[in-house]
Amino acid sequence: MLKRLTLRDFAIIASLELDWRAGFSVLTGETGAGKSILIDALQLILGRRGDAGFVREGADRAEITAEFDIPAHVHEWLREQGFKIDGTDLLLRRTIDIHGKSRAWIHGSPATLSQLQALAQHLVDIHGQHAWQSLTRPASVRGLLDAYAKLDTQALQATWTTWRAAEERLETARARHADIERECERLIWQISEVNKLGPLPGEWRSLNAEHQRLVNAQSLLEASRTALDLLAEAEANANRLTHRAHAALLAVARFDPRLENVATTLLEAQAQLHDASHALNAYLSHADLDPDRLSQLDERISRWVSLARRFKHTPEDLPTLWSQWVSELESIQAHLDLKTLEHQVHLAQEHFLAEAKKVSLARSKAAPRLSEVISQVMQELGMAGGRFDVRLEPIVPPQSHGLESVEFLVAGHTGSTPRPLVKVASGGELSRIALAIAVTTSQLGEAGTLIFDEVDAGVGGAVAKSVGRLMQKLGCHRQVLAVTHLPQVASCADHHFVLAKSAVQGTSQSQVSQVMGETRVSEIARMLGGEKLSDLSLAHAREMLAGPLIPKRKKTSSSRP
């Protein structure tokens, strides 16, 4: 849940720090005091895009900090994203400067807006005063039913994507059949030409090395014979001279130990000269000018060069080109095989339809349950006899979301025929229906904090008290924050905060304070009868606050505006 919210130079708030507790909290205040400022701040800290307009006039930047308890299921997400969290608290921070530049941090580490948005889904669920508008969009309506059914449609989307890709391949093959055939013939010819040569990987390098050796064979033989003669066969050869030098030093080394190292070096040199002589003898015994082999190499190299020029590549590229052309040919021949492509489309369609039928079954089971639950909440919101209906209509052809469309229908009172929600004329009815849906579906998500931003607009009287009762029930299980203008709703809250605007040095500033006792009575009375408090409005406020709906809770936290 949300534990603390701190604002610096945000909108018309110079400085504010609020501690929040579990249960149901309300934020009230005069019209124009900026009650939704805190909601704006929370939306920004949770990834909404912002601009320089949120920076308080005269300040360089706005800063928002929010502290949450970390839900257990969020730890894994944080680890996957590379954020190190110690303890049970999660700290989010965001700044926006006067140039509109924004920066964000998660527990001190830089974060992107998309990361904040992903994290927000686990922390907060916000219902705005125009929430009913989303209920006119088919995707939102379908999403609500799927969420209630605890339905994961990722597999459905994956099979749809596979089916569409298979259909596109088939359509492309049919449209480009002639072009593909020509391309296939070209590749077959190119591959056959290279096959005539049969180039092997690494062959070009070995051909050139062997060719260079045979071209220079005479020079190699002459140099080897000369070297062998100087090393071992001439009258004054290196082996003999080194032997004599070693013997001369060895005869006197006992008189001066320093010559022993030199004698040892000469002995080692003798061994190396012997090895070199042996290697040269072996080389000369196997060396051959072999003009026939040289001719064969000339012809082979010439064929390599000629084929490479024909395809405008270097000779070294020929083996790689051959492999590429073979792969391309296999791919193209697969596109030419229309029967195989048609079979792939059929299989992909069957997989999609099988998954879609599972989704349809889950939706058909959840629809009446959701209808019943929301209908029950509608009775509490002053729509006695009203009925909510989730209707599934088959669609042809199928769409990516399945085999049916989802529509919400509403009957506002007993005896009326359910009509599509978009055709419900009363703004009050729309607000109450949206609230009923919000209360019902808010219990489905993972978010520990539910925020209702003036969703009670358009209702009053006993219905308003029902709204407060519903939010109070939610507060027994989740943290609930509500911006409201209804005293009936505010009187049901566990914690009550008031936002007030004042002029400070010629500029407007807002402050938030928690009210309790007689201060809270005065705020409820103001909401009942305006700025001028009467004994009647104060008595009414006390009566509302003393009602049995307010459970006893531990002492609430303080605020530090």
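This is a short selection-by-selection tour of a predicted model.

**Stop 1: the hairpin at the N terminus**

Start by selecting residues 2-10, strand β1, together with residues 13-19, strand β2. The two run antiparallel and are joined by six bridges. To find the register, pick R8: its bridge partner is S15 in β2. Now colour β2 by accessibility: this strand is mostly covered, with five of its seven residues buried.

Next, look at the backbone around the turn. Two residues sit between the strands of this hairpin, and A11 takes a positive phi near 55°. Step back to D9, which is found in strand β1. D9 also has a positive phi, near 55°, and is a residue other than glycine. That's worth a pause because most residues other than glycine have a negative phi. Show the surface and you'll find D9 partly exposed, at 21% relative accessibility.

**Stop 2: α4 and the loop after it**

Move on to residues 138-148, helix α4, which lies across β9 and β10 and runs at about 95° to β10. Then bring up α13, residues 338-380. The axes of α4 and α13 come within 9 Å and cross at roughly 95°, so the two helices are roughly perpendicular to each other. For the contact itself, select R142, L145, D146 and Y148 on the α4 side, and R363, A366, A367, R369, L370 and V373 on the α13 side. Colour these by residue class and you get six nonpolar, no polar and four charged.

Before leaving, click on K150 in the loop between α4 and α5. Here is another non-glycine with a positive phi, about 55°. K150 is exposed, with a relative accessible area of 74%.

**Stop 3: α5 along α13**

Keep α13 on screen and add residues 154-175, helix α5. How are α5 and α13 oriented to each other? They pack at an angle of about 160°, with their axes 8 Å apart, and are therefore roughly antiparallel. Rotate until one helix is in front of the other to see the left-handed crossing of α5 past α13.

Now show side chains. From α5, the contact residues include W160, W163, R169 and L170, and those on α13 include L341, E342, F352 and V359. Across the whole contact of α5 with α13, the residues divide into 14 nonpolar, five polar and five charged.

**Stop 4: the three-stranded sheet**

Hide the helices and select β9, β10 and β11, which form an open sheet in that order with antiparallel pairing. β9 (387-399) and β11 (419-420) stand at the edges with a single partner strand each, so one side of each has no neighbour in the sheet. Strand β10, residues 402-411, pairs with β11 over two bridges. One place to check that pairing is L409, whose bridge partner is P420 in β11.

While you're here, zoom in on P397 in strand β9. The peptide bond joining V396 and P397 is cis, with omega about -5°. Most peptide bonds are trans.

**Stop 5: S513**

Finish by selecting residues 507-514, strand β15, and pick out S513 within it. Is S513 buried, partly exposed or exposed? Its relative accessible area is 32%, which makes S513 partly exposed. Last, draw a distance from the C-alpha of S513 to that of V498: these atoms are separated by 5.5 Å, though the residues are 15 apart along the chain.

Methods: Residues numbered from 1 in each chain as written. Predicted model: local features only at pLDDT ≥ 70, side-chain atom pairs only at ≥ 80, totals over all residues. Heavy atoms only, no water. Axes fitted to C-alpha atoms, helices over the stretch in contact; angles between N-to-C directions. Helix = DSSP H or I, 4+ residues; strand = E, 2+ residues; numbered from the N terminus. Parallel < 35°, antiparallel > 145°, perpendicular 65-115°, else oblique. Left-handed = near helix turned anticlockwise from the far one by under 90°. Contact = heavy atoms within 4.5 Å. Nonpolar A, V, L, I, M, F, W, Y, C, P; charged D, E, K, R; others polar. Pairing = 2+ DSSP bridges. Buried < 20%, exposed > 50% of the residue type's maximum accessible area, 1.4 Å probe, protein only.
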